[in-house]
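Okay, thanks for coming, everyone. Let me pull this one up on the screen and then talk you through it.

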Amino acid sequence: MTETFYEVMRRQGITRRSFLKFCSLTAASLGLGPSFAPQIAHAMESKPRIPVLWLHGLECTCCSESFIRSAHPLAKDVILSMISLDYDDTIMAAAGHQAEAIIEETIQKYDGNYILACEGNPPLNQEGMSCIIAGRPYLEQLKHAADHCKAIISWGSCASWGCVQAARPNPTQATPIHKVPGLAPKPIIKVPGCPPIAEVMTAVITYILTFERFPDLDRQGRPKMFYSQRIHDKCYRRPHFDAGQFVEAFDDEGARKGYCLYKVGCKGPTTYNACSTVRWNGGLSFPIQSGHPCFGCSEDGFWDKGSFYDRLTDVHGFGIEADANEIGGAAATVVGAATAAHAALSAVKRARQKGGES
Amino acid sequence: MTAIQTPNGFNLDTSGQRVVVDPVTRIEGHMRCEVNVDENNIIRNAVSTGTMWRGLEVILKGRDPRDAWAFTQRICGVCTGTHALTSVRAVEDALGIDIPENANSIRNIMQLSLQIHDHLVHFYHLHALDWVNPVNALRADPKATSELQKLTGPNHPKSSPGYFRDVQNRLKKFVESGQLGPFKNGYWTNPAYLLPPEADLMAVTHYLEALDFQKEIMTTRTIFGGKDIHPNWLVGGVPCAINIDGALAAGAPVNMERLNYVKGVIDRSLEFVKNVYIPDILAIGGFYKGWLYGGGLSGKSVLAYGDIPDRANDYSPENLLMPVGAIVDGKLSEVHPVDLRDPDQVQEFVPHSWYSYPDEKKGLHPWDGITEPNYVLGANAKGTSTNIEEIDEAAKYSWIKAPRWRGHAMEVGPLARYIVGYAQGHEYFTDQINRTLRTLDVPVDALFSTLGRTAARALEAEWAAEMQVYFFDKLIANIKAGDTATANVEKFDPKTWPTEVKGVGFTEAPRGALAHWIKIKDTKIDNYQCVVPTTWNGSPRDNEGNIGAFEASLMNTKMERPEEPVEILRTLHSFDPCLACSTHVMGPDGEEMADIKVR
């Protein structure tokens, strides 16, 4: 008989009060509001811990590093109390064949019932031998584990899109999980970002555990709850964009006043992520707040879209419902190069919003 | 071949039983290790193989040099930032860009916070399970554990018997559930574990405390760089403008509130390192001080580039607060200067790496580096090209190149830095070392060991935590004096650049000496080469047959049970291997990069 999440927490010395507090925080972090806390509590009281195999391909391990920085819930509680992290070669005690045996054991014991968490991606060139696990291509381990899993989480931009090793000319033919030839057709949830925000990672896990389903995904396979808005849409510097107040060069007067970073290359207007809402490291900050333009690390192929300091030429939004002409002549003059595109603003913006919802 | 002597003084014997460990876990990236043990289970030959390869350098070709920090930062997400810092320094060196004093202080705080975080997480979450047995902790007496805590770490407030009893209960129930998670299939009955149950319980408790605390350490980088992992950097300074008392300061990257936050983190980091990390190292070290295997190259040849410039833009050894120098053949009395521009000093060799050179007897300086992959297994390898059972180390056997300093295989990292510092009489380092040796009651030779490496890392975390305070105070003093500049953008526009320039940037990454060499032509990257710490430490053999630091460190170690690689993991982990770093190199073509065949 497998224990429930609640039983495990109680057994590990967590009081009922702390447990309920945890459920409220979880509800809040999912944007669900306090009324959902009892539902989460009920789910956790009656559901078993789910086994997770966390595999690593070509990567930099930034996703794992981000994960352990989760402030709510703590990584410790996720690992000890929410999931059963049976294989993760970055932190597991066992090595070599004792480590590999765990994969087989999990497959036998939980066939079709474990989560496969993928960090990094497999190379297809060099017969797959530019990423070797146990003397064989990582590709084999990945496909084998995928054959028997319940579902796949593609952590980060490597697993979701390919990321840096897949940037031109992608010498190893590093391939995102959903494009791996011959991979079993399992549900895949993409959690892109280089890395993804820690609390987004743990919220995705908590959501799956609580509601026993994947969150709603957009057309690209990302959870709508975190990836349906552009960083620009909720950026605290947005009023400066609307007012035509821009940083013209790093450390200028505008930079010191927290003006909009659009002219020094900010990709916030074209990047779908939760950085400007959830923010990073327990809600402490995000790149734009630190004075650096967003370079779009959660977007497909962001490495190959020109310099990070090049200005976007296809930004149309000046205020949610207004274009540059309505904002006023001053703003339009300052923006200069972008003004040509403003005429098409409203139509394009509506089309984009529609696209994001479907 | 059954027995040979390497030029750097190791006797290799391949006649005994071959033991394979693949994957080596609790490291960054992927690696494999094979050893031969004799009839007494003593390691007589060691082979380390880098088993991944990504190709960042070729991807960088033709790109904007100002973007290179972000690409190279993705070489590694564990030592995140140190590649970025190395990269912006290389570009600034090439273009002759000076950065403001505040940028130097902020960069140093970011780099130091990485040292602290990386060392702490390495010890507790990657390395501790080589010394600490969580299952044995169940047998501990919480009262005795409390006494041990008060004796070894008297300044840590969490020390009551009830506290340890609670943790033990949590652990007990976790183990009894049968779902051991990351502790599954560990080597918990192996006699290589020497701690009494009380020390195990104390260490496991701190494993959990450190996991909670580590997420705070690098939030300084969240303030200055916007996020952590992978904070933002800038050629010419730092992106975080300062606004202390002007209009709209509340929305500025750095204001009084942000500085107060940073100060709090810096203070708590110092406290945790002094009250928990250092005492734990001394306590655990006390029980293992008879286990002094793993010295390898550390008593022979070590290398440090130096880092943490006191004043901005001066990278001379006198201005670097981390020591610079090379020691060869164990002559501590002679510390050689290091010049990264000198074509005869740092060179990379490939006769045992999966790359080819026109002439493999010669090494190449990174500015002239070639990376032509050639994946081929040796004649005596067992298995197939896609199912390797045994490596043939007489042939090519790793995705890692073999860098050498004037022909010598070198160890880099915290221990190398501390040995160089000790040899030069670096006051703070020497005091720390003497204090540690005295507390453990061991001779200075004990430094040259696995345990020495692990201890040096902790000492360095303590030094880094102190230096964070120093640079924070320096930043405040400079702002107080009226200087709030954070970036020099005079040459930010590529139109201002010369047609052809080259530069080199270096840092001391948590794992050791790191440098990037860049050539810029017509405002784009023409060539980019990185030689990273794990390339030094994890290097395969070279043209002369010298073995690298990993392999050397495993030699002559006694294994309790060859089928359970506790001792191999213990010593390899003491280097904190970072394989994504070491094997990012790649050839110049796209599709068919490697010719795979088994001879």
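I'll start with chain A, go on to where the two chains touch, and finish inside chain B. One thing to keep in mind throughout: this is a predicted model.

So, chain A. We have 15 helices and seven strands here. Of its 358 residues, 56% count as buried. If you take the contacts in chain A with a separation of 6 or more, 71% of them come from residues 24 or more positions apart.

Chain A is split into two domains: domain 1 runs 49–227, and domain 2 runs 231–357. How many residues of each are in contact? On the domain 1 side there are 15, and they meet 14 residues of domain 2. Looking at the domain 1 side of chain A, the elements giving two or more residues to it are α9 (198–211) and α10 (224–227). By class, that side of domain 1 has ten nonpolar residues, two polar ones and three charged ones.

Now over to the contact between the chains. Here 95 residues of chain B are in contact with 81 residues of chain A. On the chain B side, quite a list of elements supplies at least two residues each, including β3, α1 (56–60), α6 (161–176) and α7 (197–217). As for the character of that chain B side, count 45 nonpolar, 31 polar and 19 charged residues.

Hold on to β3 of chain B, since it comes up again. There's an open sheet of three strands in chain B, in the order β3-β4-β5, and the pairing is antiparallel. Which strands are at the edges? Those are β3 and β5 (43–50) of chain B, each pairing on one side only. From one strand to the next, the twist averages 15 degrees. If you zoom in on β4 and β5 of chain B, they pair over seven bridges, and you can find B:N36 standing opposite B:N45 in β5.

Last stop is helix α15 of chain B, residues 566–573. Is this helix mostly covered or mostly open? Mostly covered: eight of its eight residues are buried. That goes for B:V566, B:I568, B:L569 and B:L572, but B:E567, B:R570, B:T571 and B:H573 are buried too. And what do the buried residues of α15 pack against? In chain B, they pack against β3 (17–21) and β4 (31–37), plus the helices α4 (101–127), α12 (450–480) and α14 (549–554). So that's β3 of chain B again, packed against by α15 and also supplying residues to the side that touches chain A.

Technical notes:
Residues numbered from 1 in each chain as written. Chains lettered and ligands numbered in written order. Predicted model: local features only at pLDDT ≥ 70, side-chain atom pairs only at ≥ 80, totals over all residues. Domains from an automatic or database assignment. Contact = placed C-beta atoms within 7 Å. Helix = DSSP H or I, 4+ residues; strand = E, 2+ residues; numbered from the N terminus. Nonpolar A, V, L, I, M, F, W, Y, C, P; charged D, E, K, R; others polar. Buried ≥ 20, exposed ≤ 12 C-beta atoms within 10 Å, placed from the backbone. Pairing = 2+ DSSP bridges. Axes fitted to C-alpha atoms, helices over the stretch in contact; angles between N-to-C directions.
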